[in-house]
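Trainee: I have a model open and some terms to test. Can we go through what each label rests on?

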Amino acid sequence: FAARLFDDVGFAVTFRQIDPFYVLDLSDPTDPKVSGELKIPGFSTYLHPIGDDYILGVGQDATEEGRTLGLKVSLFKVADPANPTEVATWTMNNASSPVEYDHRAFQYLPDEGLAIGPVSSYSGQTEGAALLRIDDETMTQVGTGSQVPEAGTAVRDCDALDPNSCP
């Protein structure tokens, strides 16, 4: 479902019922090896580096039987390649994000520790963007934003660090 390669380390995700998140040793390109794996419900379809020791995964949460439940963002700690861990998650039931199939829909502001991505509920009740702060192995939703202004409404610049700055 997802793969990301950095020099001699790689990360990959597959899915049937449980998400194996793999850390790969690519130091010998002719003989790649699995350094570690983590099996959790759901899957990531987009992986993004957060510093040297973390990977952010965007995808779908799922039951142990593999039934998808909605949008899931996972923070994986990969400092020890043999023992990756999921240290934080954020979920939105019955929802998805264009980030799952288009990496250009995702934005990470490292100086602020802020991840931004569009979200959409299956019912159509929620349309917009989620702003997630990533700090010390925690992930907290700090705001939401509207993607499309109502007809006749002027577009206003909002301060991403102050979600209350937007009407």
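Mentor: Yes. Start with one pair: Pro49 stands opposite Ile55 in β6. Bear in mind that this is a predicted model.

Trainee: What makes β5 and β6 a pair?

Mentor: Pairing needs at least two bridges between two strands. β5 and β6 have seven, in the antiparallel sense. So they count as paired, given the cut-off of at least two.

Trainee: How many residues lie between β5 and β6 in their hairpin?

Mentor: Three. Gly51 sits in that turn, with a positive phi of about 70 degrees.

Trainee: How do you know that β6 also pairs with β7?

Mentor: Same test. Nine bridges join β6 to β7, and the two run antiparallel. The cut-off is at least two, so this is a pair as well. Leu56 has Leu75 in β7 as its bridge partner. The β6 and β7 hairpin has five residues between the strands. There, Gly66 takes a positive phi near 100 degrees.

Trainee: Why is β6 called largely enclosed?

Mentor: Eight of its nine residues are buried, so the rest of the structure largely encloses β6. Buried means under 20% relative accessible area. For the whole protein of 167 residues, 41% count as buried.

Trainee: What makes a set of residues a nonpolar core?

Mentor: The members must be buried, of a listed nonpolar type, and joined through side-chain atoms within 4.5 Å. The largest such core here has 20 residues. Leu56, Trp90, Ile134 and Met139 have the most contacts inside it. Strands that each supply at least two of its residues are β5, β6, β7, β8, β11 and β12.

Trainee: Which residues does Leu56 contact, leaving aside neighbours within four places in sequence?

Mentor: Among them are Tyr46, Val73, Leu75, Phe106, Ala115, Ile134 and Met139. Contact means heavy atoms within 4.5 Å.

Trainee: And Ile55? Which core includes that residue?

Mentor: A second, separate core of 14 residues. Val13, Phe43 and Ala62 are also included in it.

Trainee: What makes an empty space a cavity and not a pocket?

Mentor: In a cavity, a 1.4 Å probe fits but cannot get out; a pocket is open. One cavity of 30 Å³ or more turns up in the whole structure. The largest cavity holds about 110 Å³ of space. It is lined by 15 residues, and Val58, Val73, Ile116, Gly117 and Leu132 are the closest to its centre. β11 gives the largest share of the lining, five residues.

Trainee: How many residues of that lining are nonpolar, polar or charged?

Mentor: In the lining of the largest cavity, 13 are nonpolar, two are polar and none is charged.

Trainee: How does the lining of the second largest pocket divide?

Mentor: Into nine nonpolar, one polar and two charged residues. Gly51 is in this lining. Gly counts as polar, so Gly51 is the one polar residue. Asp52 and Asp53 are there too. Asp counts as charged, so they make up the two. Pro49 and Ile55, the opposed pair we began with, also line this pocket. Its space is about 160 Å³.

Trainee: How many helices and strands does the protein have?

Mentor: Zero helices and 13 strands. A strand needs a run of at least two residues, a helix at least four.

Technical notes. Residues are numbered from 1 along each chain as its sequence is written. This is a predicted model: local features need pLDDT of at least 70, side-chain atom pairs count only at pLDDT 80 or more; totals for chains, interfaces and linings use all residues. Side-chain values use heavy atoms; hydrogens and water are left out. On a 1 Å grid over the protein atoms alone, a cavity is a set of points where a 1.4 Å probe fits but cannot get out, and a pocket is an open set with protein on both sides within 12 Å along at least five of seven lines; lining residues have an atom within 4 Å of a point. Grid points are joined across faces, edges and corners, and a volume is the space filled by probe spheres set on the points. Buried means under 20% relative accessible area, exposed over 50%, partly exposed in between (1.4 Å probe, protein chains only).
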